[in-house]
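Dear colleague,

Please find the structure we discussed below, handed over for your use. I would ask you to keep it open while reading the notes that come after it.

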Amino acid sequence: MELVAGCYEQVLFGFAVHPESEACGDHERWTLVADFTHHAHTASLSAVAVNSRFVVTGSKDETIHIYDMKKKIEHGALVHHSGTITCLKFYGNRHLVSGAEDGLICIWDAKKWECLKSIKAHKGQVTFLSIHPSGKLALSVGTDKTLRTWNLVEGRSAFIKNIKQNAHIVEWSPSGEQYVVIIQNKIDIYQLDTASISGTITNEKRISSVKFLSESVLAVAGDEEVIRFFDYDSLVCLCEFKAHENRVKDMFSFEIPEQHVIVTASSDGFIKMWKLEQDKKVPPSLLCEVNTKARLTCLGVWLDKVPDTKESFPPAAQPSPVSKEQSKIGKKEPGDTVHKDEKQSKPNTKKHSLAGDSKKATKERGLVSTKKRKMVEMLEKKRKKKKIKIMQ
């Protein structure tokens with residue numbers, strides 16, 4: 001198990017978690033050991049996502065970096081987007097979905113790291129996206145004051161809902177029967193079958209992160225030191241506790257045998273792990289903490305030993321190899337944009353990888369803009385060895 005966190009200072013931190021530590025009295029204490037730091041991006045990190053093998057990070061430098069956590073090496077970089085990478089979501093081990101300020105949502109093959117589909121999703125920026133537990137649908141919100149539902153099986157827009165303000169977070173419930181849309185400090189709860197609001201939760205400050213702890217309990221963090229647990233049905237606050245000395249930027253929740261854990265990252269530089277009680281009216285107990293001495297922005301947890309049963313999108317959603325995709329995308333669906341990258345032969349998509357042959361990379365770089373060409377050249381030169389620097 002490893003905690004990974006990005007920061008404004010352009011660094012990715014990795015901390016190995018040792019939960020087998022001996023209990024201290026009545027309170028169990030885990031230990032965190034610094035594993036690596038890596039300065040790959042040229043601007044602050046804005047998003048992180050994990051699956052059973054890889055960690056990917058997005059940044060304001062418009063790139064997505066890939067790390068192989070099994071081998072502890074950098075695997076390459078993706079440079080398809082223009083603008084800050086705002087959200088990254090894995091679905092199983094086969095697909096990664098990315099969103100950015102350029103208004104695009106891209107679906108990536110997480111084995112070959114090819115862009116399988118590029119969709120012009122919003123007229124403004126894509127601020128957040130969430131994939132339905134079934135893998136058939138996705139929700140996205142953007143700066144065009146819309147909430148959009150995407151049919152991932154067909155790779156097209158399924159439904160567009162106008163909202164009064166720009167939302168900055170959207171999340172499915174574990175069952176996929178409900179979802180939440182966050183605008184500033186308000187959480188609107190929607191029912192999937194009616195697409196209508198069934199309730200609203202109001203937080204004290206602007207919300208930065210929400211996580212479903214169960215189908216009925218929602219953890220809410222914002223521009224304050226406090227984290228609150230809300231009952232999803234009654235809309236009542238079950239408990240609140242002071243988690244940090246500054247605003248909480250991101251949270252991550254996971255379950256292992258006999259343990260339900262929530263991880264928090266804050267602008268105060270601390271990453272903390274908390275043990276959740278079965279009764280969510282009882283505040284969680286602190287398991288461990290570490291001070292990165294950096295202004296943290298995003299967080300993920302790589303669970304090495306947890307099997308991932310969601311291998312890929314449903315069979316109908318499996319895109320053909322890029323070289324054969326032209327016939328499928330010849331008829332544009334509403335909301336779709338066909339990009340030159342998708343029409344090229346299969347080898348050309350490997351321009352995104354920094355791990356490939358340098359001669360091939362030089363030939364393929366012609367498809368990348370001048371700005372990105374310089375960025376790729378810089379990244380290639382900087383990371384010829386591609387090994388993550390292990391902390392001493």
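The notes below go from the overall fold to salt bridges, aromatic rings and backbone angles.

Please bear in mind that this is a predicted model.

Overall composition

The protein contains 4 helices and 28 strands. Of its 392 residues, 55% count as buried. The exposed surface amounts to about 17,600 Å², and carbon and sulfur atoms supply 49% of that area. Among contacts between residues at least 6 apart in sequence, 47% join residues at least 24 apart.

The UniProt record, an unreviewed entry, places the feature "repeat: WD" at residues 38-70, 78-118, 119-160 and 257-284. In the model, residues 38-70 are 0% helix and 55% strand, with the end C-alpha atoms 16 Å apart. For residues 257-284 the values are 0% helix and 50% strand, and the end C-alpha atoms lie 17 Å apart.

Salt bridges

The count comes to 12 salt bridges. One of them joins K72 to D35, with 3.4 Å between the closest N and O atoms. K72 lies in the loop between β6 (64-68) and β7 (73-78) and D35 in strand β3 (residues 31-38), so this pair ties together parts that are 37 residues apart in sequence. K72 is partly exposed, with a relative accessible area of 23%, whereas D35, at 17%, counts as buried because the cut-off for buried is under 20%.

A further salt bridge is formed by E171 and K89, whose closest N and O atoms are 3.8 Å apart. Here too the pair links distant parts of the chain: E171 belongs to strand β16 (residues 169-172) and K89 to strand β8 (residues 85-91), 82 residues apart. E171 is buried at 11% relative accessible area, while K89 is partly exposed at 22%.

The side chains of R228 and E224 also meet in a salt bridge, at 2.7 Å from N to O. R228 counts as buried at 8% relative accessibility, and E224 is buried at 9%. In addition, salt bridges that share partners join E2, D35 and K72 into one network.

Aromatic rings

The structure holds 8 aromatic pairs. W172 and Y179 form an edge-to-face pair, at 5.3 Å centre to centre and with 70° between the planes. Both of these residues, W172 and Y179, are buried. The rings of F252 and F254 have their centres 6.5 Å apart and their planes at 50°, so that pair is tilted. F252 and F254 are likewise buried.

W172 and Y179 also belong, together with Y190, to one aromatic cluster. Separately, K272 lies over the face of F270, at 5.7 Å from the ring centre.

Backbone angles

Most residues other than glycine have a negative phi. Which value does phi take at A195? A195 has a positive phi of about 55°, although it is not a glycine. A195 is located in the loop between β18 (186-191) and β19 (196-202), and it is partly exposed, with a relative accessible area of 23%.

L235 also has a positive phi, near 65°. L235 is found in the loop between β22 (226-231) and β23 (237-242). Its relative accessible area is 29%, so L235 is partly exposed.

With kind regards

Notes: Residues numbered from 1 in each chain as written. Predicted model: local features only at pLDDT ≥ 70, side-chain atom pairs only at ≥ 80, totals over all residues. Heavy atoms only, no water. Phe/Tyr/Trp six-rings, centres within 6.5 Å; stacked < 30°, edge-to-face > 60°. Buried < 20%, exposed > 50% of the residue type's maximum accessible area, 1.4 Å probe, protein only. Lys NZ or Arg CZ within 6 Å of the ring centre and 35° of its normal. Helix = DSSP H or I, 4+ residues; strand = E, 2+ residues; numbered from the N terminus. Contact = heavy atoms within 4.5 Å. Areas by Shrake-Rupley, 256 points an atom, 1.4 Å probe, with all protein chains shown as cover. UniProt positions renumbered as here; feature names shortened; annotations may be inferred. Salt bridge = Lys/Arg side-chain N within 4 Å of Asp/Glu carboxyl O.
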